[in-house]
Every structure is written in C-alpha cells, then in structure tokens.
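Me: Please examine the following structure with me by question and answer.
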Amino acid sequence: MSFIDFHQVSKRFGDNVVLDDLSFGVANGERVTLIGPSGSGKTTILRMLMTLTKPDSGTIAIDDEYLWHERRGDELVPAGEAHTRKVRSRVTMVFQQFNLFPNMKVLRNITEAPVHVLGTPKDEAEARARDLLEMVGLQSKADFYPSQLSGGQQQRVAIARALAVEPDILLLDEVTSALDPEIAAEVLDVLRDVAKTSDVTMLLVTHAMRFARDVSNRVLMFNEGKIIEDAPPEQMFNEPQHERTRGFLRSVLEEV
Amino acid sequence: MSSAQLGLLLYGAWQTILLTLGGMALALVIAFPVGLARVSRNKFLRAVGFVYVELFRGAAVLVLAFWFVYALPSLGWQLEPAFAGILALGLNMGAYSSEVVRGAIQAVPPGQVEAATALNFTPSQGMRRVVLPQAVRAMIPSFGNNVIEQLKATAVVAVVSIPELTFNGQLIWSGNGRAAAVFGGLLIGYGIMALVFMTMVRLIERKVAWS
C-alpha cells in the first residue's frame, strides 16, 4: 500500500458521479497537484482525506491505517470516532475561504489546536506560533482579529495555523482562488517556502499552473471522476498525452 | 396622585422587573440545553428538544399560570404566585429562546466546523471553542427581543394575584375610576422599562463584539 492509498473509491451526489471506482497512491513526501475541470472530483479527494466527505464505497488509507474503516479481526467495519481522529491527526487542510475563527485573535487561531488537541504547553505553542507568523511575514499581526486582515493575510495565517499542528500531509484546496492575482502571488510564495523547507506530503488543487509546476513533482489530470493522466509536471504541461488534457490546459492558460 | 398610589405603582414596577428577569433567566437556562439538543447528532435528544419546544411554545402563559396556581395545589403542591408566574413565563419563553439558540448555531458557516475538523478538534471542542462563541454573539439581539416580549407577558400573569404593575394599576383604577390616566401611565411605564432593557442588551452586544 502507498503512503496515501485510494482503493476503488466511488462517490456520487444524486445522479452525478463524482468519483468513479478510483484507485491511486501517493508516496510519503510527494507533492501532487490535482488538475482538471470543475466537478471532476479533485476537491472531493481532498475532502475525503480530511474526513469531510464520506466515500460511498472503497477504502482510503494513510500509512496502512484505514481512514473511514477499522479492522475488527479480518473484517473492515466503519471507523469509530476515536479511530478516525487518530488517523486524521496526521492530516490538515487549508481552505479556499480561509475559515479562520473570527472570534479569536490571530495568535489564538494558531495556538488553539496545538494547546487543546495536541496538549502543547501554552507558552511553547505561542512561541512556535510567533515563529510561524514570522515565516508567513505577519509577525506584527498576532494580536489582530481575522476581520482586520486582508484576504491574502488571512490565508497566510491559515497556512501558519495548519503548519502549527505539524501535519504529515497538507491539503491545499484552491487556496488562492478567492484572491486577486497579486495577492495570490504572496500566498504562493509562502507555500513555495513551505515546500522547500519541509518534507510534508502535499496534495493541492489549484488553477495556478506555474505554481503547480514549481512545487509539485507529480500532476494528476482528473476528468469525470477518473484520473486520465498521471505524469511529472514537465511532461504534463509540455507534452500532455491525452487529448482531454491538452484541451483543458489550453483553456486554463488562455484564461490568464 | 397620592403618595400611596405612587408607592403602589413603584412596587408594581419592581415586581414586573423581577418577573421579567426571573422568567428570562429561567428561559435562558432552558434555551441552551434544549437548543443544543435540537442540533444534536443523537436522535433521541433531538426528539426531546422538539417535544419541549412544541409543547411550551403552544402553551398559553395565562393557562400555564392558572395551572401552577390553581391546579397544582390539588395535586398537593402549593406554589407562591410570583414563583408560579416566573415558572409560566420562563417555560414558555424557554421554547422561543431555544429556537434562537438553534437558529444561531445553524447559522454559523459550515466552513467553521470544517476548519475545526481539519485541526482535529473533537465535535464537542468544535462546538465549545468555535461554534458557540460565534453563535452566542448572534443570539444576543434576538434574546433582547425575548426580554421585551417577556416584559409584556408579565402583565398577563397579574391574573393569579401577583402584585405587579398592571395588577396594582387596576387596583388604583378601581379606586378612582380614571382609566385614561391610569392605563396611559402604565403604558408609559412599560415603555420606559422596555427602553432600559433594550439599552442594557445593546451594551452587552457592544461588550461581546470582536472586530
């Protein structure tokens, strides 16, 4: 089994088949970009790994531990809350809409999970949070409320908050789609930094193709709930094999 | 107006304030568990919350008060009228306030719960640390409306001989027959009390704001 292992995963919303008997794996430390037209199932992959969307069938495992199931004897049964939390503790996610907690100042947004979920002592968590804020260039904003920050700043705080729980797997769901291009660039710079300085496994859904090329070592092209092409970025972007990939890349690049 | 009448009115107003605050306090104590039960993942708790709300939202405060003062003694319980009044007011308002709690919890954007999950909070941590603090802030204006409703409902429980503002006003009217003056005065009195309560709620609203 791969580090992240999807095995025959299917998902439909009503009549709409979002994932169709999908199997793929991601190695530890890999940076994988998921591309494809909207509705092709990319975000659903991330949401399933974050336990926000439940697969209809199939299994998902992280480092040989099932996420939605647990072993009882030789059987796989639906996972209980405790099992899911244990496996999920290795994963975190940054969202398109940032989703900072508006009732907490920036520093507490970052320390809340380390202190109350991981049990890190408060001063240690705060020192680490300040380091992370410095990394994202916002050390002066520790005592601000999220609503006092711009969108790009909020997203950088959200990245710091995600890193504070020391994930093995970082999921990035269209993290710059809600931002102006110029502001998006700041956020992408921070993420390039993260990619360079850590060995966290990254799965990203993005329309920022140059960023995808810089950061990822593998690109998956989704179409109608299936992976139709799986290649390193140079190959995917320079000489895509599949006609559907060529069409998609052309339309995305024209948009800019 | 004689000083005895003035004293009667002031005492009545004080009783009205106590009934309002007592009823509202009970309503809030009821509202949080019932409101949370209404959004629980547990089917049984949801059902209990539903039954409470439907039962007491539909119960007329007047009939509840009669029941506590005149029916309960026949079962061997004798309640003080003021206590019965607070019980009737609070049980009824509790149903409304628990709907405020439920609505405010459900109005917190789903992205907040998803972020709590992404940080691996337990569901109860997510509720306590993320959802409720945001929901409570949204509840305050509606609770303010509930307080004003509660204030006006206190006039109804006058009928079980609680010497509150309306009851004492009626006493004065039956003595002097000057309906326009007495009830006009009562209206002004209730208006002033409503204004004071609303101002207090606004102050609380400002106090809990984060910017």
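Reply: As a preliminary, helices (H or I, at least four residues) and strands (E, at least two) are DSSP runs, numbered from the N terminus, and two strands pair if DSSP finds at least two bridges between them. This is a predicted model, in which local features need pLDDT of at least 70, side-chain atom pairs count only at pLDDT 80 or more, and totals for chains, interfaces and linings use all residues. Side-chain values use heavy atoms, without hydrogens and water; residues are numbered from 1 along each chain as its sequence is written, and chains are lettered from A and ligands numbered from 1 in the order in which they are written.

Me: Which residue in the hairpin of S6(A) and S7(A) takes a positive phi?

Reply: Strand S6 (residues 69-72) and strand S7 (residues 75-78) of chain A pair in the antiparallel sense over four bridges. Within this pairing, A:Arg71 stands opposite A:Leu76. Two residues lie between the strands, and the positive phi, near 65 degrees, belongs to A:Gly73.

Me: Is A:Ile35 buried or exposed?

Reply: A:Ile35 lies in strand S3 (residues 31-35) of chain A. Its contacts (heavy atoms within 4.5 Å), not counting residues up to four places away in sequence, include A:Thr206, A:Val219 and A:Phe248. Buried means under 20% relative accessible area, exposed over 50%, partly exposed in between (1.4 Å probe, protein chains only). The relative accessible area of A:Ile35 is 1%, so this residue is buried.

Me: How far apart are the end C-alpha atoms of residues 12-37 of chain B?

Reply: UniProt, in an unreviewed entry, places the feature "transmembrane region" at residues 12-37, 49-70 and 179-201 of chain B; its positions are given in the numbering used here, feature names are shortened, and annotations may be inferred rather than shown by experiment. Residues 12-37 of chain B are 100% helix and 0% strand, and their end C-alpha atoms lie apart by 37 Å.
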